[in-house]
Amino acid sequence: MAESLADIIDLPTEYVSWHSPASSLWVASTPSAYVGMVDRNHDGFVATDCTGRELGVYGTLESARVAVYGAWVSPAQEEQALIA
């Protein structure tokens with residue numbers, strides 16, 4: 001029996017939504033979890049994951065959001081140990 005795409009790709013199934021509670025701040029969450037945030041400063045858009053680890057500074061809001069989502073979908077090895 002062939003595997004479905006869902007069986008091959010193990011991605012979170014919750015919907016991520018973005019909110020802007022303050023000027024130059026965007027927060028990502030699901031119905032059950034905090035995903036991360038993006039904060040704009042003089043250098044660009046700073047992406048931070050759900051543990052507070054800085055993911056980098058990006059030139060656009062969209063690229064910073066992608067980094068936050070990517071860290072949530074595929075957390076670093078040290079984060080996976082904390083979650084397990």
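In this predicted model, a hairpin of 2 residues connects strand β3 to strand β4. The two strands run antiparallel and are paired over 6 bridges. Two of the facing pairs may be located at once: R40 has F45 of β4 as its bridge partner, and V38 stands opposite A47, likewise in β4. This hairpin is a convenient place from which to follow the sheet in both directions.

Toward the start of the chain, β3 is also the partner of β2. These two strands form a hairpin with 4 residues between them, and 5 bridges join them in the antiparallel sense. Within this pairing, L25 has D39 of β3 as its bridge partner. The loop between β2 and β3 contains T30. Is T30 buried or exposed? Its relative accessible area is 8%, which is under the 20% limit, so T30 counts as buried. When its neighbours within four places in sequence are set aside, T30 is in contact with E14, Y15, V16, V35 and W72. Among these contacts, V16, V35 and W72 are also members of the largest nonpolar core, to which the discussion returns below.

Strand β2 has a further partner in β1. The two run antiparallel and are joined by 4 bridges, with H19 standing opposite V27 of β2.

In the other direction along the chain, β4 pairs with β5. Here too the strands run antiparallel, and 4 bridges link them; A47 stands opposite G56 of β5. The hairpin of β4 and β5 has 4 residues between the strands, and in this hairpin G52 adopts a positive phi near 95°.

The pairings can now be assembled into a whole. The 5 strands form an open, antiparallel sheet in the order β1-β2-β3-β4-β5. Which strands stand at the edges? They are β1, residues 17-22, and β5, residues 54-58; each has a single partner strand, and therefore one side of each lacks a neighbour in the sheet. From one strand to the next, the twist averages 20°. Helix α2 packs on this sheet and touches β1, β2, β3, β4 and β5, its direction making about 155° with that of β3.

Strand β4 deserves a closer look. Of its 6 residues, 6 are buried, so the strand is mostly covered. One of the residues in β4 is D49. D49 has a relative accessible area of 1%, under the 20% limit, and is therefore buried. The side chain of D49 makes a polar contact of 2.7 Å with the side chain of T51. Although D49 and A71 are 22 residues apart along the chain, their C-alpha atoms are separated by 6.3 Å.

How many residues make up the largest nonpolar core? There are 11 in all: V16, W26, A28, V35, V38, F45, A47, A64, A67, V68 and W72. The elements that supply two or more of these residues are β2 (25-29), β3 (34-41), β4 (44-49) and α2 (61-73). Of the contributors, α2 gives the most, with 4 residues. The core thus includes V38 and A47, which were met earlier as residues standing opposite each other in the pairing of β3 with β4. A67 is another member of the core. Apart from its neighbours within four places in sequence, A67 is in contact with A47, L55 and Y58.

Helix α2 also holds a residue of another kind, E62. Is E62 buried or exposed? Its relative accessible area is 51%, over the 50% limit, so E62 counts as exposed. E62 and F45 are 17 residues apart in sequence, and the distance from C-alpha to C-alpha is 9.1 Å. F45 belongs to the largest nonpolar core and is the bridge partner of R40 in the pairing of β3 with β4, which returns the reader to the hairpin through 2 residues with which this account began.

How values were computed: Residues numbered from 1 in each chain as written. Predicted model: local features only at pLDDT ≥ 70, side-chain atom pairs only at ≥ 80, totals over all residues. Heavy atoms only, no water. Core = buried A, V, L, I, M, F, W, Y, C linked by side-chain atoms within 4.5 Å. Buried < 20%, exposed > 50% of the residue type's maximum accessible area, 1.4 Å probe, protein only. Contact = heavy atoms within 4.5 Å. Pairing = 2+ DSSP bridges. Axes fitted to C-alpha atoms, helices over the stretch in contact; angles between N-to-C directions. Polar contact = N/O pair within 3.5 Å; in protein donor to acceptor, adjacent residues only side chain to side chain.
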